[in-house]
Structures are given as C-alpha cells and as structure tokens.
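Here is a note for a colleague who is looking at this structure for the first time. The points below may be read side by side with the sequence and the coordinates.

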Amino acid sequence: MRRPLVAGNWKMYKTAEPAEELARSIVAQVGRDCEVVDVVLCPPFTSLQAVHEALAGTPIALGAQNMHWENEGAFTGEISPAMILTTGCTYVILGHSERRQYFAETDEQVNRKLKAALGAGLSPIVCVGETLQQREAGQIEAVVLGQVQAALQGLSESELLKIALAYEPVWAIGTGRTATPAQAEEVHSLIRTSLHQQYGEGVAGALRIQYGGSVKPENAAELFTQKNIDGGLIGGAALKADSFAAIVKAAC
Ligand code: PGA
C-alpha cells in the first residue's frame, strides 16, 4: 500500500507572518491524521523560515515550490538546493505547469532540477499535465507520458523511489473545473502502466502519483479513493486551514 501524500502549494501567497499563522492553524487542525498521510506545506521562499518554525516538532514537512539545479553561481534571482535545505525543506515541487507556462521551463530543465534535488537529499514532487487544447486534440497520453519520461530520464531505481509525481491537468488548475475521478484515474493508470513497462513492478507499485487541479473538501475523498491516486497537490484550498485539513482527512 502506498501512503498518501497531500501537499499544499501556496503559490505566490502569504508573507511570513500570515504564513506562520496559517501553518499553526493547519498543525492544530490536521492533528493525528498525519499518522497515516504524509503532509507537506510549500509556502513562498520568503516564508519558508517562518513556516519551518511553526512546523518544528510536528510530523508536517516543509517544501519549496521551485529551485535552480546549481548549488551556487551567477544566476541572479535564483535559489539553489543548498539554500532551500538551510530553511528546513525536505520536499521541493518541480515542473509545475505555471513554471512551464509562464517561465518557459522545459522538460530538460525539469530533469536537471530533479537530479539536483535528489543529489541534495530532497524529496521531489514532479508535476505533469496536459492543456485543454492538447486534451481536445487527443494528445493526453503523448503529452503526459512524454513529460514523465523526459523528467525521469537517467535516474536509477533507488532515485525513482524517492520521488512523487503530480498529475495536474492544466485546465483544472485554479479554474474550479476538477477532472472527474474517472478522468483523473484514467491518466494516473496510464502513467503507472508506463512506469511498469519501463521500470518494472518495484517502481510502478511504490511511486506515488498525486492528483492536482481544483481539489476541494467536497471532491477530495472521491478522487483519493481511486486506485492509482495517492493524495493530492492542493493550491487554492490549501490557503485555508479548515479546507486543507478536510482534504488531508479525506486521504486518511
Ligand atoms: P488549485 O492548484 O488547487 O488551485 O487548482 C493546484 C496546483 O496548482 O498545484
């Protein structure tokens, strides 16, 4: 059995003080649900330290939303794996569709970041997903499996076992339009089958695949009980302690 993973992607919301407050309310509301679900909070870089303090001594983990693949260098405006490690992060989100769409992040860069994250001992959450146009053109399989394959290129089996994938159809992110549980499960199952073909049962059976895109307390349980869905990557609904806690509960 795969242990569910529920991560809150706070995107570019919450300065340090409100971030710390939100983290403390989440800790209080999630309570013992963490015993059966891995929970991660991913605030903006400038709030990592504050949230780290709020999470001290709790089983809730801290994650960053992006990073560069080099540990240091002349890369103005970038943050390295070594830097996010100093804030107490143990997870990092890579290749989110907003990074791909607005910051031109490529599959090749996602692969470099993934290797760097693993090298630094971070647990990466790698995002993949098709746009509405690609879905309507019948390209779901080609796009999503292509992204998975490109991201995972050159990784060993032991490295693969340290990552999680997040299937996030771009048309469902922040739109209120969730994939139906059947639509999501169909793609999750495609991903798992392709992992099985390429890497065998060990990796395919163990690798967690989260669903993301307008997950809410009302739809979380039905999504999370699908056979190949192992929790969620939550955006909007992660910004309120009660809705995030209800989503974590739905994964128990
Ligand atoms: P959403 O975002 O839950 O607001 O749709 C999910 C994500 O972008 O990770």
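1. In which helix is the place of N219? The model is a predicted one, and the answers in this note should be read with that in mind. N219 has its place in helix α11, which covers residues 217–224. With a relative accessibility of 15%, N219 counts as buried, because buried means under 20%. When residues up to four places away in sequence are not counted, N219 touches T178 and S214.

2. S214, one of the two residues that N219 touches, is found in the loop between β7 (208–212) and α11. The relative accessible area of S214 is 14%, and S214 is therefore buried. Although S214 is not a glycine, its phi is positive, at about 55 degrees. That is worth a second look, because most residues other than glycine have a negative phi.

3. K11 also has a positive phi, of about 50 degrees, and it is not a glycine. The place of K11 is in the loop between β1 and α1, the latter being residues 16–30. At 18% relative accessibility K11 counts as buried, since the limit for that word is under 20%.

4. Both of these loop residues come up again at the ligand, which is surrounded by 13 residues, the closest being K11, H96, E168, G174 and S214. What is the make-up of the shell around the ligand, in nonpolar, polar and charged residues? The shell divides into four nonpolar residues, seven polar ones and two charged ones.

5. Particular atoms of the ligand can be followed to particular partners in the protein. An N or O atom in the side chain of K11 is 2.7 Å from an oxygen atom of the ligand, and for the side chain of H96 an N or O atom is likewise 2.7 Å from a ligand oxygen. At S214 the partner is in the backbone, where a polar atom lies 2.7 Å from an oxygen atom of the ligand. Taken alone, the ligand would expose 280 Å², and the protein buries 95% of that.

6. Turning to the protein interior, the largest nonpolar core has 70 residues, and within this core W10 and I191 touch the most other members. Helix α7, residues 140–152, supplies the largest share of the core, namely six residues. A second core, separate from this one, has 12 residues, including L5, A7, V40 and C127.

7. Which residues does I191 contact, once its neighbours within four places in sequence are left aside? The contacts of I191 are V128, V144, L145, V148, L165, Y167 and I209.

8. L152 lies in helix α7, and at 1% relative accessibility it counts as buried. Leaving aside neighbours within four places in sequence, L152 is in contact with N111, L114, L160, I163, L195 and Y199. For one of these partners, N111, the separation from L152 is 41 residues in sequence, while the C-alpha to C-alpha distance is 6.4 Å.

9. Is D107 buried or partly exposed? D107 is found in helix α5, residues 107–119, and it counts as partly exposed because its relative accessibility is 28%. Not counting residues up to four places away in sequence, D107 touches R100, G146, Q147 and A150. With R100 the contact is also a polar one between side chains, at 2.7 Å. D107 and G31, by comparison, are 76 residues apart in sequence and 37 Å apart in space, C-alpha to C-alpha.

10. The last residue to inspect is R2, whose place is in the segment before β1 (5–9). A polar contact of 2.9 Å joins the side chain of R2 to that of D230, and a polar atom of the R2 side chain lies 3.2 Å from the backbone oxygen of K227. Apart from residues up to four places away in sequence, R2 touches R192, A204, G205, A206, L207, R208, K227, N228 and D230.

Technical notes:
Residues numbered from 1 in each chain as written. Predicted model: local features only at pLDDT ≥ 70, side-chain atom pairs only at ≥ 80, totals over all residues. Heavy atoms only, no water. Near = heavy atom within 4 Å. Polar contact = N/O pair within 3.5 Å; in protein donor to acceptor, adjacent residues only side chain to side chain. Areas by Shrake-Rupley, 256 points an atom, 1.4 Å probe, with all protein chains shown as cover. Nonpolar A, V, L, I, M, F, W, Y, C, P; charged D, E, K, R; others polar. Core = buried A, V, L, I, M, F, W, Y, C linked by side-chain atoms within 4.5 Å. Buried < 20%, exposed > 50% of the residue type's maximum accessible area, 1.4 Å probe, protein only. Helix = DSSP H or I, 4+ residues; strand = E, 2+ residues; numbered from the N terminus. Contact = heavy atoms within 4.5 Å.
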